[in-house]
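Colleague: I should be grateful for an introduction to reading this structure. Might we begin with the ligand and then turn to the helices?

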Amino acid sequence: MLNPSMMRGAMGLLVDWRSASSIFATLMLINTLTSYIPLEVRMFARKLFSHIFTYLKPWFSIPYRHPYRSVTETRYFPKISRYFLSKYRIPPYRPPFRYPVLPEFSDSDTFGGANELYDSAQLYLGTHCLSHCITVRLFKSCTADSPLASLPDSHTVNDTFQGVPIKWTSHKQERSDSGSGHFRNRRGSDGSDRRCLNVEFHQKHRNLVFNTYIPHILTEAARLRSHTKERRLYTNRYCSSGDDFHRSSWSSRTFSHPSNFDTIALDPSLREEIRADLLRFVSRKDHYLRAGRAWKRGYLLHGPPGTGKTSLVAAIANLLEFDVYDLELTAVHTNSQLRRLLVSTTPKSVIVIEDIDCSLDLSDRKKKQMEENQEEGMKDHPQKMSTYREALNLSGVLNFVDGLWSSCVGERLMIFTTNHPERLDPALLRPGRMDKKIELGYCGAPAFRMLVKNYLCLREEEVDRKDTIAEIERLLEEVKVTPAEIAEVFMGCDGDSDDAALGKLVLELHQRKMSSPPKKHVALAVSTEKCSLEETIRDGSTIKQLVVIPAGCS
Ligand SMILES: Nc1ncnc2c1ncn2[C@@H]1O[C@H](COP(=O)(O)OP(=O)(O)OP(=O)(O)O)[C@@H](O)[C@H]1O
């Protein structure tokens with residue numbers, strides 16, 4: 001038997017069904033009738049309704065929830081309600097959640113650098129991914145002890161910080177050729193993907209997130225980085241073709257050069273001087289700020305080939321634990337490309353330009369006159385003229401070293417190497433651009449002892465006891481040999497005894513001494529009754545010996 005309440009329910013259902021069918025029947029009727037209305041009238045009516053709707057929309061549309069603005073600030077919130085809210089001081093409604101976005105690269109073309117916060121967050125989240133995510137992205141460089149995990153694209157991980165739930169989501173967007181902004185500005189030459197991380201948390205925790213959680217992420221990431229000791233070597237060498245963007249981007253791989261301050265053969269006092277200078281530089285941020293100077297330092301390493309300039313650069317990067325940017329100037333075509341390369345470097349890095357004298361003609365400031373003449377000839381061709389003016393030149397390089405842009409990128413070292421410092425423009429060498437000029441010369445006795453210790457694994461007292469060492473040290477005063485050449489001899493004797501290696505080096509040095517160009521005898525117009533003075537010049541170098549010859553014997 002049906003009781004009254006069941007009857008009422010059944011009736012309600014019946015009524016509902018009846019009203020649904022009547023709506024359906026009405027719609028069918030309207031549809032049939034409209035087919036009898038002429039097309040022109042139908043189009044007119046449609047236009048009329050569309051105009052009325054557009055006019056009324058701002059007044060009646062549903063509030064649009066914008067992640068960054070309160071609802072009362074949004075364009076679509078009804079004006080009437082906004083008026084009343086402001087008049088009666090009703091606190092504006094704010095959406096409960098916040099969604100900061102961390103892009104991988106800067107949004108701007110000019111500041112197209114990597115976002116340190118994004119990298120740090122990925123490192124930090126990696127530790128959570130391992131325990132919370134089904135899928136993780138794993139990466140291990142050859143220098144790292146263990147792999148690093150990170151959040152894969154289109155995945156979410158939940159974190160809890162001081163009891164506050166925080167949700168992270170990673171996004172990736174495919175590259176399209178018409179892209180712009182940080183979409184085009186990215187590390188690497190391929191420029192294929194645009195990534196970002198979205199953070200979601202309740203509005204009431206924003207102070208905790210911005211003031212405590214984000215600094216916590218940066219600290220944690222720094223700790224993880226120092227643990228893995230992973231550093232990168234960047235180059236623009238393989239990005240010299242293609243469009244302007246590709247010419248001003250870096251490609252990178254893990255940096256793992258074994259050179260350090262204990263393996264490099266240098267005069268001990270010079271080595272200590274360089275080491276102290278570097279350590280002082282990295283510890284003196286406040287001093288640079290106080291003095292109103294950008295926190296950077298310029299080194300010029302000069303000397304003959306094979307004296308260890310490149311090895312010293314690697315040793316410096318290893319000492320400071322900096323990334324290395326190997327800038328190939330010949331692959332840069334314009335000053336703006338150079339500027340873009342500069343701003344897309346990261347802090348704590350060494351920017352190296354090797355053999356700067358070969359990369360660009362930086363020697364002749366008189367060339368300016370020549371350039372002016374050339375510009376004069378291009379007056380009638382504005383396009384040619386603008387390309388010519390934009391082309392990489394000395395002024396672009398000087399700006400790169402200490403222009404306004406160079407101060408935008410934080411703690412860094414700029415190292416230039418050359419075999420011919422005399423060919424460089426004095427403007428490039430002035431203090432502030434080149435703070436320290438280091439000459440790496442031929443191998444002397446102290447540097448040789450270091451090579452012996454490193455290559456032949458001899459201890460200090462063993463080195464002192466060997467007669468061959470003393471003989472070699474004597475020969476090194478007469479023969480110019482680079483550390484690279486000595487290292488080559490020792491490498492060739494790998495597996496032989498140390499005496500055999502030293503013997504081979506003695507032989508090599510004697511041969512060099514014999515085969516060195518004959519001494520030039522220049523009789524000077526100095527003669528006394530008893531003797532004449534003779535200057536001995538070898539290899540076209542400066543005075544080596546003054547030989548006193550009794551008068552009449554010349
Ligand atoms: N001072 C040094 N101490 C230890 N090894 C050295 C030193 N100088 C050169 N070598 C060895 O010689 C090789 C060449 O050295 P490096 O490339 O650093 O010289 P360089 O001055 O940069 O030469 P170039 O001017 O031709 O670039 C390296 O493999 C390095 O092992």
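Modeller: A residue is near a molecule or strand if one of its heavy atoms lies within 4 Å of it. This is a predicted model, in which local features need pLDDT of at least 70 and side-chain atom pairs count only at pLDDT 80 or more, while totals for chains, interfaces and linings use all residues. Residues are numbered from 1 along each chain as its sequence is written, and side-chain values use heavy atoms, with hydrogens and water left out.

Colleague: Of the 15 residues around the ligand, which come nearest?

Modeller: They are Ala265, Gly306, Lys309, Thr310 and Ser311.

Colleague: Where does the ligand meet polar atoms of the protein?

Modeller: A polar contact is a pair of N or O atoms within 3.5 Å; within protein, one must be able to donate a hydrogen and the other to accept it, and residues adjacent in sequence count only if both atoms are side-chain atoms. Here a ligand nitrogen is 2.7 Å from a polar backbone atom of alanine 265. A ligand oxygen is 2.8 Å from an N or O atom in the side chain of lysine 309, and a ligand oxygen is 2.7 Å from such an atom in the side chain of threonine 310.

Colleague: How is the packing of helices to be read?

Modeller: Two packed helices are described by the angle between their axes and the distance between the axes. Axes are lines fitted to C-alpha atoms, for helices over the stretch in contact, and angles run from 0 to 180 degrees between N-to-C directions. Helices (H or I, at least four residues) and strands (E, at least two) are DSSP runs, numbered from the N terminus. In this model, H16 (residues 445–456) and H18 (residues 467–478) pack at about 135 degrees, with axes 10 Å apart. Angles under 35 degrees count as roughly parallel, over 145 as roughly antiparallel, 65 to 115 as roughly perpendicular and the rest as oblique; H16 is therefore oblique to H18.

Colleague: At what angle do the axes of H16 and helix H19 cross?

Modeller: The axes of H16 and H19 (residues 483–492) cross at roughly 30 degrees and come within 11 Å, which means that H16 is roughly parallel to H19.

Colleague: Which residues of H16 and H19 meet?

Modeller: Contact means heavy atoms within 4.5 Å. Phe448, Leu451, Val452, Tyr455 and Leu456 of H16 meet Pro483, Ile486, Ala487, Phe490 and Met491 of H19.
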